[in-house]
Each structure stands twice: as C-alpha cells, then as structure tokens.
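Colleague: I should be grateful for a close look at one part of this model, beginning with a single residue and its surroundings. Please set that part against the rest of the chain as you go.

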Amino acid sequence: MIPKIRKMSITFQLMFMYTLLFIITTLILDIGIFVFTKMYLYNKADENMQVAEKTVSELLRVGDTTDRYSKFYANDNIYLRVYDEEENRVYASQGFIYSIDFNSDDLSFHQLSTEDHTLRTQVFRIRSQDGENYFLQIVKDMYSEDDFLRLLLLAMSGMYLVGIIFSLALGYAFSRRIIQPISDITKAAENISSKNLEERIEVNGSGDEIQHLSVTFNKMIDRLQEAFTKQTQFISFASHELRTPLAVIHGYINLLDRWGKQDEKILQESIDAIKTEADNMEKLTERLLFLARMDRGEDVLKKKQCYLDKLILESIEDARLIDEDHIYIWGGRSEVKVEVDPGMTKQLLRIFLDNARKFTPVKGYISISCWGTEDGVKMMIRDTGIGIPEEEINNIFDRFYTVDQSREKDSSGSGLGLPMAEIIVTLHGGTIQVRSEVGVGSEFTVWFPDHEKIERKKQEQFLLNHENGLID
Ligand code: ADP
C-alpha cells in the first residue's frame with residue numbers, strides 16, 4: 001500500500017494525507033462525542049431512577065396507593081412494581097409490560113437487554129408507616145435514550161461520509177494549488193535548453209517556499225545564460241582573433257608561392273611577417289588557455305616569498321632586449337619582500353610592459369617602481385604614451401575589449417591582456433588602480449596584500465583602541 005502511494009503524484013499523495021488526517025481526527029472526535037453522550041444519558045437515567053425511588057418510597061410510606069406515580073414518570077419511561085414481604089405483588093404502575101423476575105434477595109443493580117430494549121432495574125427495600133416491609137422494583141426503559149443514540153450514530157456516520165468526500169475534494173483542490181507552481185517549474189525546466197535560455201518561471205508574490213524556489217531557479221538560469229553568452233562570445237571573439245593572423249599568414253604564403261621564391265626581398269618580408277603572426281597566435285592561444293583554465297577554477301597559485309624588485313628588474317631586462325625604441329626607467333626600492341607566484345607576477349609585468357610599449361611613441365619613457373606600504377606592497381608601471389580616454393577606463397578590463405585598434409602600432413592586441421592581469425592580481429588578493437590622461441600617459445598601480453602586516457596592524461589598532469578606552 002505504502003509503496004503504491006509513493007508512486008502516485010504528489011497531488012494525490014497530499015490529498016490522501018489530508019483525508020487520512022480528517023478520518024483519524026473526526027473518528028476520535030465522533031467516538032468521544034458518542035461515548036460521552038451515552039455516558040451522560042445513562043447517568044441521567046440512573047439519577048432519575050434514584051429520584052423515582054425516593055419519591056415513590058415517600059408516597060408508599062404515607063400509604064398512597066394511587067397511580068399518581070405513573071403520571072410523574074411516564075415521560076422518563078420509569079416503571080415500578082411493589083411487593084410485600086411474602087413477595088406478593090401489591091402494585092404495578094401503568095405500562096409495566098416487562099417480564100422481569102422479582103427476587104427479594106437480590107437488591108443489586110441490573111442491566112438487561114431484550115430484543116430492542118435496554119432495561120436498567122433495581123429492587124429497593126422500603127418500610128411503610130405501619131412498620132411493614134415492602135419491595136420496590138424500579139425499571140428504567142432506555143428505549144428513547146437508545147433511539148436518540150442510534151439517531152446520533154446515523155447522523156454522525158452520514159456527516160462522516162460527507163466529510164470524507166469533502167476532504168477528498170478539498171484536499172485535491174488544495175494539493176493542486178500547491179503543486180501547480182512546481183509543475184510550472186518542471187515545464188519551464190523542460191523548455192530550457194542551450195537554444196532557449198530566455199524562459200523564466202512566473203514568480204508569484206506569495207512569499208512562500210515555492211516563490212523562493214522560483215526566484216532561485218530564475219537566478220540559476222540567469223547565471224547559466226550569462227555564462228553561456230560569455231562562452232559563446234569568448235569562442236566567437238577567439239576565432240575572430242585567430243582568423244586575422246591566419247589570413248595574414250595565408251596571404252604571405254600565396255605571395256611566396258606566386259612571386260617570392262626567387263625574390264629575396266619578398267621572401268624575407270614574408271618570413272618576418274609569418275614569424276610575427278605566428279608569435280601573435282602563440283601569445284593569443286596562451287592567453288586563451290590561461291583564461292579558460294581560470295574559468296574552470298584550475299591553476300592555484302604557487303606562492304612563495306620573493307623580492308618584487310628582482311622580478312621587475314628581470315622583466316625590464318627582457319623588455320629592453322626586444323624593444324630598443326623606449327627608455328625604461330627603474331625607480332623602485334630594493335629588497336621589497338612579497339609573497340607571490342613569481343611566474344604569474346612576471347606574466348603580469350609582461351602584460352603591463354607590452355601595453356606600455358604598444359601605446360607609447362618611440363623615445364617615450366616607461367618607468368617602473370615598487371615599494372612597501374603599511375599593509376602590503378605596491379608596484380607602478382607608468383608610461384608617457386597616448387593615454388586612455390576617461391570613459392573607456394572602466395571597459396579595459398573586459399575580455400576582448402580594445403579601445404581602438406587603430407591606436408595600436410601593431411595588430412597584436414586582442415583585448416585579453418588586462419583581463420588576465422586582473423585575474424592574476426585578484427588571485428593574489430590584490431587590486432589594480434588605473435590613472436590615465438589622453439596624450440600624457442597611463443599609470444597602472446598594483447597592490448599586493450601582506451597578510452602578516454595586515455594582522456600586525458589590526459593588533460596594533462586593537463591595542464591602541466584598548467589603551468584609549470574605546471573597547472573594554
Ligand atoms: P591588448 O592585448 O589589446 O593590449 P589589453 O586588455 O591589454 O588588450 O588592453 C585593453 C585596451 O586598453 C587596449 O586595447 C588599449 O586600448 C588600452 N590600454 C591598455 N594599456 C594601455 C596603455 N598603457 N596606454 C594606452 N592604452 C592602453
């Protein structure tokens with residue numbers, strides 16, 4: 001039975017639960033009412049018998065033998081017979097039709113059942129005024145009480161059946177109302193696919209768990225849609241970015257094929273161009289792979305204590321090797337200790353230096369410095385390049401965002417450098433600040449936190465507050 005119920009839809013399960021609850025509670029209530037009413041009626045009957053015994057005893061004591069008694073108790077269905085000491089019946093009230101034996105030795109209370117009557121009877125000993133002993137046999141016919149109880153039972157059973165039908169119907173209606181939003185969620189979920197991420201569940205304003213579920217579900221789809229859009233954008237940008245160098249390489253190969261084999265000049269020019277484009281492609285694929293790995297949450301940092309000034313000086317050396325057009329200036333402190341991933345930090349420096357080189361005219365200055373602060377370490381890369389328009393500063397960290405390709409001296413820009421830089425810095429728990437002015441230059445300041453220093457500062461602050469009585 002239970003496994004069968006489990007297989008039913010939740011609507012039916014809830015409906016049966018409601019009905020079961022109704023059946024159990026009303027059954028307890030009905031049994032209680034019935035038992036209580038029966039007890040009440042039977043007690044009342046017994047009380048009436050006692051009152052009758054007292055009244056009739058009084059009447060007999062004063063020698064009243066008229067049938068006045070029957071008039072009093074006719075409605076209560078109480079009947080009596082009087083016997084003398086020799087067990088001769090001296091009186092029987094009107095309507096005493098019961099064939100009940102009389103035994104003067106048995107003065108206890110009895111309940112007898114005839115075909116459809118319940119009789120409660122007892123014999124009492126009484127003494128008349130002239131000192132004679134009599135026996136009073138009182139019989140209470142429970143016919144009307146039993147009739148009432150039968151009617152009550154019938155009415156309750158009828159109501160009970162109606163109640164069960166009602167609770168099934170209401171239970172079904174309520175369950176459907178509760179389950180409907182879940183069915184809507186299921187339908188919406190079924191309709192959602194990679195081609196249709198627009199679908200959302202209608203959120204009702206009930207403030208209940210279902211509303212919470214709908215909101216959570218919609219938020220989840222929002223996130224999925226955002227991630228999916230980003231991924232599709234990423235793929236289309238990436239293929240677009242790779243198509244340009246591939247087209248250039250293809251062009252030069254065609255050129256070589258047609259004229260270049262014998263022409264030294266064309267040959268050299270083509271080789272140089274193909275080399276540059278291959279380098280660009282390599283750099284681009286490296287960056288794409290890095291971003292994809294970061295998106296998957298891979299590549300945890302391999303941090304260690306190192307000197308930031310050393311890493312910067314090495315990067316300047318590398319830059320000077322490939323770029324003789326700019327003047328690189330080192331102006332930082334020495335032995336600036338920092339806990340970073342050295343490989344990633346050098347990649348970060350390469351991104352800033354690459355940009356500085358690309359956007360700074362020949363003979364322009366590129367200066368780099370680093371120093372310790374009270375809560376970490378800062379490094380600054382400053383150039384005297386073309387600068388970034390103020391309204392663009394917020395966008396330059398977006399993937400594939402390039403301010404204006406025509407500003408670049410070469411076509412190597414893919415808009416992935418700064419997003420990568422941001423990821424690297426964020427992974428270290430740091431921040432990047434940008435200041436730039438068109439025609440004057442740009443300045444990128446990176447802050448790496450030093451947790452030991454931050455902790456020490458907190459403790460000092462705590463002690464200071466304590467001394468000043470700011471905290472207990
Ligand atoms: P890219 O690989 O194209 O340089 P980035 O993400 O590194 O991409 O930079 C995004 C955009 O920010 C660049 O296209 C450029 O317009 C601007 N930018 C970055 N650094 C500088 C800089 N030092 N001077 C001027 N513009 C810059």
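Modeller: Contact, or touching, is taken here to mean heavy atoms within 4.5 Å. The model is a predicted one, in which local features need pLDDT of at least 70 and side-chain atom pairs count only at pLDDT 80 or more, while totals for chains, interfaces and linings use all residues. Residues are numbered from 1 along each chain as its sequence is written, and side-chain values use heavy atoms, with hydrogens and water left out.

The part I have chosen is helix α2, which covers residues 10–61; helices (H or I, at least four residues) and strands (E, at least two) are DSSP runs, numbered from the N terminus. L41 is one of the residues of this helix. With a relative accessible area of 17%, L41 is buried, where buried stands for under 20% relative accessible area, exposed for over 50% and partly exposed for what lies in between (1.4 Å probe, protein chains only). Once residues up to four places away in sequence are set aside, L41 touches M142, E145, F148 and L149.

N43 also lies in α2. Its relative accessibility is 45%, and N43 therefore counts as partly exposed.

Both residues can be placed against remote points of the chain. L41 and K310 are 269 residues apart along the chain, and their C-alpha atoms are separated by 104 Å. From N43 to V362 the C-alpha distance is 117 Å, with their positions 319 residues apart in sequence. These distances may be read beside the overall dimensions: the C-alpha trace spans about 160 × 75 × 35 Å along its principal axes.

The chain as a whole has 10 helices and 12 strands. Its radius of gyration is 51 Å, well over the 23 Å that the globule rule gives for 472 residues, so the chain is more spread out than a compact globule. That radius is taken over C-alpha atoms, and the rule is 2.2 Å times the number of residues to the power 0.38. Of the 472 residues, 37% are buried. Among contacts with a separation of 6 or more, 65% join residues 24 or more positions apart.

Where are the nonpolar cores? Such a core is a set of buried Ala, Val, Leu, Ile, Met, Phe, Trp, Tyr and Cys residues joined through side-chain atoms within 4.5 Å. The largest has 47 residues, of which L308, L348, F352 and M379 touch the most other members. Helix α8 (residues 342–358) gives the most to this core, namely seven residues. Another core lies apart from it and has 12 residues, among them A52, V56, L60 and F124.

A further look at M379 shows what surrounds one member of the largest core. Beyond its neighbours up to four places away in sequence, M379 touches residues including L308, I312, L348, L349, F444 and F448.

F102 may be compared with L41 as a second buried residue. F102 sits in the loop between β2 (89–92) and β3 (110–113), and at 13% relative accessibility it counts as buried. Leaving aside neighbours within four places in sequence, the contacts of F102 are with Y83, E87, V123, F135 and Q137. Between F102 and E198, which are 96 residues apart in sequence, the C-alpha distance is 94 Å.

Helix α9 (residues 417–427) offers another case of burial. Eight of its 11 residues are buried, so α9 is largely enclosed by the rest of the structure. The buried residues are G417, L418, P419, M420, A421, I423, I424 and V425. Their cover includes α6 (264–295), α8, β11 (431–437) and β12 (441–449). Just after α9, G429 takes a positive phi of about 80°.

Two residues that are not glycines also have a positive phi. For E335 the angle is about 55°, and this residue lies in the loop between β7 (327–330) and β8 (337–340). E335 is exposed, its relative accessible area being 59%. For K363 the angle is about 75°; its place is the loop between α8 and β9 (365–372), and at 58% relative accessibility K363 counts as exposed.

To return to α2: this helix holds L41, which is buried, and N43, which is partly exposed.
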